[in-house]
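Work through the following exercises with the structure in view, and try each task before reading its solution.

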Amino acid sequence: AMMQMEAFNPKGTIKEVGAGALQAIQEIDYEKGNFRTLENLIRRACRMAAMDGRDYLVLQDIAGS
């Protein structure tokens, strides 16, 4: 749902989450449900992918966040 929100994914630029990125997102300890951690991660990852001219997230977008 966050990927569809303008605040996280301006202009809907990012369309997909690659397998490596999804696995990395799932493996992160979100401090017992800290949703802000996930929000910040997705926002930064979308920004990184867009700056690289991609319409999908890769592991580097998540690991580099």
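**Exercise 1. Describe the order of the elements and the overall fold dimensions.**

Solution. Begin at the N terminus and follow the chain, where the elements of the protein run β-α-α-β-α. The radius of gyration is 11 Å, close to the 11 Å that the globule rule gives for 65 residues, so the protein is as compact as a globular protein of that length. Next, count the elements by type, which gives three helices and two strands. Finally, consider the extent of the C-alpha trace, which spans about 30 × 20 × 15 Å along its principal axes.

**Exercise 2. State how confident the predictor is in this model, and in which elements the mean pLDDT is lowest and highest.**

Solution. Keep in mind that the model is a predicted one, and start with the protein as a whole, for which the mean pLDDT is 90, while 98% of the residues reach 70 or more. Then turn to the elements: helix 2, made up of residues 35–51, has the lowest mean pLDDT among them, at 92, whereas strand 2, residues 56–57, has the highest, at 97.

**Exercise 3. Find what share of the residues is buried, and describe the contacts, the surface and the charges.**

Solution. First take burial, where 28% of the 65 residues count as buried. Second, look at the contacts with a separation of 6 or more, of which 57% are accounted for by residues 24 or more positions apart. Third, consider the accessible surface, which comes to about 4500 Å², with 52% of it belonging to carbon and sulfur atoms. Last, compare the charged side chains: there are 8 positive and 9 negative ones, and the centres of the two sets lie 6 Å apart.

**Exercise 4. Decide whether K11 is buried or exposed, and describe its place and backbone.**

Solution. Locate K11 in the segment before strand 1, which covers 16–17. The relative accessibility of K11 is 74%, and since a residue counts as exposed over 50%, K11 is exposed because its value lies over that cut-off. For the backbone, note that phi of K11 is near 60°, a positive value in a residue other than glycine.

**Exercise 5. Place E27, classify its exposure, and give its separation from D55.**

Solution. E27 is found in helix 1, which consists of residues 19–27. With a relative accessible area of 58%, E27 is exposed, by the same cut-off of over 50%. For the last step, take the C-alpha atoms of E27 and D55, which are separated by 23 Å, the two residues being 28 residues apart along the chain.

Technical notes. Residues are numbered from 1 along each chain as its sequence is written. This is a predicted model: local features need pLDDT of at least 70, side-chain atom pairs count only at pLDDT 80 or more; totals for chains, interfaces and linings use all residues. Side-chain values use heavy atoms; hydrogens and water are left out. Helices (H or I, at least four residues) and strands (E, at least two) are DSSP runs, numbered from the N terminus. The radius of gyration is taken over C-alpha atoms; the globule rule is 2.2 Å times the number of residues to the power 0.38. Buried means under 20% relative accessible area, exposed over 50%, partly exposed in between (1.4 Å probe, protein chains only). Contact means heavy atoms within 4.5 Å. Accessible areas come from the Shrake-Rupley method with a 1.4 Å probe; for residues, only the protein chains shown count as cover. Lys and Arg count as positive and Asp and Glu as negative; His and the chain ends are not counted. The place of a charge is taken as NZ of Lys, CZ of Arg, CG of Asp or CD of Glu. pLDDT is the predictor's confidence in each residue, from 0 to 100.
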